[in-house]
Amino acid sequence: MRAYLEFAKKAFQKAMAYRVEVFLSFLWGIVEVLIYVCLWSTLFRTQSVVKGLTLNEVITYSVIGVTIRQFTSMDIVALVEEKIRTGEIATDLMKPIDLGAYFFSCAVGQSWFALFARALPLFSIVFLTVKIALPANGLFFLSFLLSVLLGYIVIFCINFIIAMVTFWTTESFGLNTLMGGIIAFLSGRVVPLWFFPETLERIALALPFRTVFFSPLSIYLGKVSPNEIVGVLIQQALWAAVLLIATRLIQTVAVRKVVIQGG
Amino acid sequence: MWEGIRLYLVLARANIKARMEYKANFIFGVVGLISAYLSGLLAIWVILRQFHEINGWDFGEVAFLYSLALLSYGIGLPVLIQFKSLDRYVISGEFDRFLVRPRNIFFQMVSSAFAVSALAHLILGITIFIVASKIAGIDWNLVSAEFLALVLVGAVLIQWALAVFSATASFWILRSSHLYEIMIYTTREFTWYPISIYGTMIQVFLTFFIPFAFVNFFPAQYFLQKNDFGIFPPLFQYLTPLVGVGMFILAYQFWKLGINHYQSTGS
């Protein structure tokens with residue numbers, strides 16, 4: 001257990017060293033917020049309420065979405081791809097540590113850093129300059145936080161699965177880019193699912209991606225009634241469980257492949 | 001110069017062949033990139049289906065805007081990629097290799113690798129361009145077709161110029177690939193939508209500092225016969241080729257300055 005904490009700490013420090021990258025990611029967040037605020041403001045010029053949402057709520061949705069994204073950013077796929085390229089993965093597999101747990105520790109270290117270096121500063125700046133709604137009460141806020149954490153597990157699993165696939169394809173670019181685009185759209189990060197046409201909305205709700213953004217954001221905005229919150233959280237937990245099992249399975253298969261082929 | 005172009009094509013072909021050996025990854029890459037961009041366009045489609053128009057631009061028009069950016073980026077990408085990684089060569093000292101050859105350094109750098117993902121941008125750009133033109137109801141004739149060619153050349157030159165600026169900076173500040181990212185990727189995000197939705201400062205920035213607005217926003221209005229220029233005169237819809245040439249000349253001068261500085265400081 002202590003070893004994994006060490007890995008997380010190392011990942012945290014490593015993230016801290018790349019100062020320019022941190023600034024760039026932060027800048028990217030600012031750009032996203034700017035674009036969303038201008039876009040939604042323009043779109044809401046002719047109607048003040050669309051599908052039961054006000055401009056303030058939609059802007060809040062986008063801004064908190066950007067903040068969550070800053071927090072959940074992790075480069076596990078790149079990490080694995082690099083280790084495979086250098087052959088380091090072979091030595092890693094010989095060590096008595098679990099691969100999945102190791103990368104989860106790295107992700108946690110990175111996200112912990114991202115929370116303080118990017119997410120919170122970004123939120124603070126935006127909060128001071130843009131009118132953002134806050135959760136109605138403590139219940140919604142805490143549920144929101146729990147929802148974000150469950151979504152975090154989901155997005156980690158997806159990233160890890162993509163990373164494991166790299167054991168076969170050696171290059172992650174195609175799959176990673178594909179998933180990035182799909183997730184950005186179907187998770188409700190770019191456009192709230194409430195604005196989706198019915199069929200697309202149903203598809204998006206059936207997939208795990210929305211647990212990363214749409215679920216926590218709809219709780220934040222109070223678009224989910226208190227009794228429904230538990231239902232949402234349970235759905236998220238189920239997805240997290242399913243995906244965690246999937247990661248264990250694919251990890252076993254991937255590791256076996258490396259061992260058989262001799263790294 | 002023709003020798004340079006022929007050489008470029010030979011090397012490009014060799015590079016593509018090498019990449020094709022990893023066929024699966026090649027296909028994955030193209031498919032992945034196309035899907036990512038399509039998701040972005042799908043998001044815009046969903047928004048416009050709900051809201052009908054963005055500042056008077058309907059889906060066909062926004063898609064056309066999108067395709068102009070995509071197309072010009074795809075056309076320019078093979079050259080663009082080289083300048084993106086220039087800072088790496090400068091740091092590692094590999095750049096000296098180019099100085100020894102008896103050819104114009106500029107052209108050498110351009111042919112050292114070929115970005116195959118340009119294919120994805122071109123396929124997608126052309127497809128969306130054709131579809132969007134239909135939806136937006138653009139009537140093509142000889143004049144508009146000729147102007148399109150000029151616009152694309154201008155748009156490509158603008159992006160090349162920006163890449164050259166940021167690459168040249170590596171002669172002074174080494175890790176300039178970040179500057180490249182800021183200039184190209186971050187600013188480009190704004191131009192997926194008509195820039196008239198943004199405040200004055202952003203519009204001025206995108207027109208006079210990092211002139212991405214001339215890549216798609218201004219010229220698109222010529223073809224779409226729109227009149228949504230924000231704070232700028234409608235004249236700007238014709239200026240893309242000029243802006244492109246002007247910026248590229250400036251960038252090349254800056255580049256020569258950088259080379260001189262590099263050589264005089266003695267790597």
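This is a short tour of a predicted model, going from one whole chain to the place where two chains meet and then to single residues.

**Stop 1: chain B as a whole**

Start by selecting chain B and showing it as a cartoon. What will you find, helices or strands? Chain B has 13 helices and zero strands. Walk along the sequence and you pass one α after another, from α1 to α13.

Now think about inside and outside. Chain B has 267 residues, and 55% of them count as buried. If you turn on a surface, you are looking at about 12,100 Å² of exposed area, with carbon and sulfur atoms supplying 66% of it.

How much of the contact in chain B links residues 24 or more positions apart? Among contacts with a separation of 6 or more, such pairs account for 75%.

**Stop 2: where chain B meets chain A**

Bring chain A back into view and colour the two chains differently. Select the residues that touch across the boundary: you should get 32 from chain B and 33 from chain A. About 3,000 Å² is buried between the two chains, and carbon and sulfur atoms give 78% of that area.

Next, hunt for charged pairs and polar pairs. How many salt bridges does the rule find across this interface? The count is zero. For polar contacts, the count between chain B and chain A is one residue pair, with both residues at pLDDT 80 or more.

Which parts of chain B should you highlight here? Try α2 (23-51) and α10 (177-190), which each supply at least two residues to the side that touches chain A. The largest share comes from α2(B), with 16 residues. Colour the touching side of chain B by residue type and you get 17 nonpolar, 10 polar and five charged residues.

**Stop 3: B:Ser67, tucked into a helix**

Select B:Ser67, in helix α3 (residues 59-84) of chain B. Is B:Ser67 buried or exposed? B:Ser67 counts as buried because its relative accessible area is 0%, and the cut-off for buried is under 20%.

Show its side chain as sticks. The side chain reaches the backbone oxygen of B:Phe64, at 2.8 Å. Then look for neighbours from elsewhere in the sequence: leaving out residues up to four places away, B:Ser67 touches B:Gly125, B:Ile128 and B:Phe129.

**Stop 4: two residues with a positive phi**

A bit of background first. Most residues other than glycine have a negative phi.

Jump to B:His52, in the loop between α2 and α3 of chain B. Its phi is near 75 degrees, a positive value in a residue that isn't glycine. B:His52 counts as exposed, at 56% relative accessibility.

Now hop over to A:Lys51. You'll find A:Lys51 in the loop between β1 (49-50) and β2 (53-54) of chain A. A:Lys51 isn't a glycine either, and its phi is positive, at about 50 degrees.

**Stop 5: B:Asp228, a buried loop residue**

Go back to chain B and select B:Asp228. This one sits in the loop between α12 (217-224) and α13 (240-264). B:Asp228 is buried, with a relative accessible area of 15%.

Which residue's side chain joins B:Asp228 in a polar contact of 2.5 Å? Pick B:Ser196, whose side chain makes that contact with the side chain of B:Asp228. B:Ser196 is also one of the residues B:Asp228 touches once you set aside those up to four places away; the others are B:Asn55, B:Trp57, B:Pro194, B:Phe217 and B:Gln221.

Try the distance tool too. B:Asp228 and B:Arg188 are 40 residues apart along the chain, and their C-alpha atoms are separated by 19 Å.

**Stop 6: two buried residues in chain A**

Select A:Glu32 in helix α2 (residues 19-43) of chain A. A:Glu32 counts as buried at 12% relative accessibility. Apart from its neighbours within four places in sequence, A:Glu32 is in contact with A:Val66, A:Arg69 and A:Arg189.

Finish at A:Ile158, in helix α7 (residues 138-169) of chain A. A:Ile158 counts as buried too, at 8% relative accessibility. Its contacts, not counting residues up to four places away, are A:Met179, A:Ile183, A:Phe209 and A:Leu243.

How far apart are A:Ile158 and A:Leu244 in space? Although their positions lie 86 residues apart in sequence terms, they are 9.2 Å apart, C-alpha to C-alpha.

How values were computed. Residues are numbered from 1 along each chain as its sequence is written. Chains are lettered from A and ligands numbered from 1 in the order in which they are written. This is a predicted model: local features need pLDDT of at least 70, side-chain atom pairs count only at pLDDT 80 or more; totals for chains, interfaces and linings use all residues. Side-chain values use heavy atoms; hydrogens and water are left out. Helices (H or I, at least four residues) and strands (E, at least two) are DSSP runs, numbered from the N terminus. Buried means under 20% relative accessible area, exposed over 50%, partly exposed in between (1.4 Å probe, protein chains only). Contact means heavy atoms within 4.5 Å. Accessible areas come from the Shrake-Rupley method with a 1.4 Å probe; for residues, only the protein chains shown count as cover. A polar contact is a pair of N or O atoms within 3.5 Å; within protein, one must be able to donate a hydrogen and the other to accept it, and residues adjacent in sequence count only if both atoms are side-chain atoms. Buried area is the accessible area (1.4 Å probe) that two parts lose on being put together, summed over both. A salt bridge is a side-chain nitrogen of Lys or Arg within 4 Å of a carboxyl oxygen of Asp or Glu. Ala, Val, Leu, Ile, Met, Phe, Trp, Tyr, Cys and Pro count as nonpolar, Asp, Glu, Lys and Arg as charged, and the others, Gly among them, as polar.
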